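Got a new structure open and wondering where to look? Let's walk through a few spots together, one question at a time.

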Amino acid sequence: MRLLHTSDWHLGRSFHRVNLLSAQREFIDHLVATVRERQVDAVLVAGDVYDRAVPPLAAVELFDGALHRLADLGVPTVMISGNHDSARRLGVGAGLIERAGIHLRTDPAGCATPVVLADDHGDIALYGLPYLEPALVRETLGAEAAGHPAVLRAAMDRVRADLATRPPGTRSVVLAHAFVTGGAPSDSERDITVGGVDSVPAEIFDGVDYAALGHLHGSQAITERIRYSGSPLAYSFSEARHRKSMWLVDLGPGGTLAAERVDCPVPRPLARIRGRIDALLSDADLDRYEDAWVEATLTDPARPHEPMPRLARRFPHLLSLVFDPERAPEDPLASYAQRLRGRTDRQIAEDFVAHVRGGRGPDEAERTVLGAALDAVRVSETEPAETAGEARG
């Protein structure tokens, strides 16, 4: 049986204020074309369909269109909710939609009720484990402790118990949305830490033929049988080196497995450049980034004048500007935070001016302005109490 594993669509998300709806629509076109052209038998969507619990109408319309197109192909789709989704909203109408071959799994209580498909080699049981928030599902699943490892282990125990009742030779697939130990995260995933623990061991998925994971945005294989598809689009500059793709998985007799990456369309490449502004504006090696979405990190000791418009003239798609001034190791300004201890507000303010200007502190006129501003703040903080006292008198 040929499975197409994808996840983390994050419909409705933007990229540094750039609307990605057209790029997400292009991905859905690509997904449907892949299902048709590569003769896919089932589509697996491992959570984070939307970017937030209450998505914008345009994202809902795109999702609705995707469901209709997949249903028209007659190819079953199994989909779980992720930590960005509202499980209850995503699951509305699940019973009715299932008649069209779209299987939404958003209720943790149903994690051991599989979608059973069949090919020439027998049955395949596909179990959908939605994102399991420990505080909400511990009691439902009968987990022995709080935390992601305990609740996911309890869910997988239910899966294995159900699988043991199936005919011998039944192959198994689990969809889950979690951070598995050994996975490489990026900056765009929402933190799911509970009690200081956010990851679960890969051994939790022992006993199944394939684990289709969502949550981490980089496509990666934890083991041959435990894989993240990653997000189809980049959602942070930390993903600049990602190869965005889906997994095309052939699950053969006896659980034999072969996996192939299917690349996703790239709306615009990402680039991270770093250096002093004069170098970034003149370096011919950076010509190749002039059509990319760019994050520029400036290392000038002092903040340059109007850096954003100057850089944007060369890099029209500049989206992010970061300042990381070069400092000598012995420069006292390199450890600026340590110098705040025991200093007055005025000293701190004057030190801050020196810090952002590469060591040049305020002149006398600027000191006067800083002093007046600090005095005004102190007055504004005491006036309410004095007024209240006058009213009581």
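Q: What covers the buried residues of α8?
A: This is a predicted model, where local features need pLDDT of at least 70, side-chain atom pairs count only at pLDDT 80 or more, and totals for chains, interfaces and linings use all residues. Residues are numbered from 1 along each chain as its sequence is written, and side-chain values use heavy atoms, leaving out hydrogens and water. Helix α8 spans residues 307-314 (helices are DSSP runs of H or I with at least four residues, strands are E runs of at least two, numbered from the N terminus), and its buried residues are Pro307, Leu311 and Arg314. Their cover includes α7 (277-282), β18 (293-298) and β19 (318-323).

Q: Why do the buried residues of α8 count as being on the same side?
A: Buried here means under 20% relative accessible area, with over 50% exposed and partly exposed in between (1.4 Å probe, protein chains only). Pro307, Leu311 and Arg314 are the ones that pass in α8. They sit on the same side because, going by directions from the helix axis to the C-beta atoms, they cover an arc of only 50 degrees.

Q: Which element gives the largest share of the largest nonpolar core?
A: A nonpolar core is a set of buried Ala, Val, Leu, Ile, Met, Phe, Trp, Tyr and Cys residues joined through side-chain atoms within 4.5 Å. The largest one has 33 residues, with Leu129, Leu152 and Met156 among those with the most contacts inside it. Elements giving two or more residues include β8 (122-129), α6 (148-163) and β9 (171-177). The largest share, eight residues, comes from α6.

Q: How far from Asp85 is the nearest side chain of opposite charge?
A: Asp85 sits in the loop between β5 (77-80) and α3 (87-90), and its side chain has a polar atom 2.8 Å from the backbone nitrogen of Tyr50. The backbone nitrogen of Gly82 also lies 2.8 Å from a polar atom of that side chain. Asp85 is buried yet has no salt bridge (a side-chain nitrogen of Lys or Arg within 4 Å of a carboxyl oxygen of Asp or Glu). With Lys and Arg counted as positive, Asp and Glu as negative, and His and chain ends not counted, the nearest opposite charge is Arg190, at 8.9 Å.

Q: Which side chain makes a polar contact with the side chain of His217?
A: Look in the loop between β12 and β13 (220-223) for His217. At 1% relative accessibility, His217 counts as buried. Its side chain has a polar partner 3.1 Å away, and that is the side chain of His10.

Technical notes: A polar contact is a pair of N or O atoms within 3.5 Å; within protein, one must be able to donate a hydrogen and the other to accept it, and residues adjacent in sequence count only if both atoms are side-chain atoms. Contact means heavy atoms within 4.5 Å.
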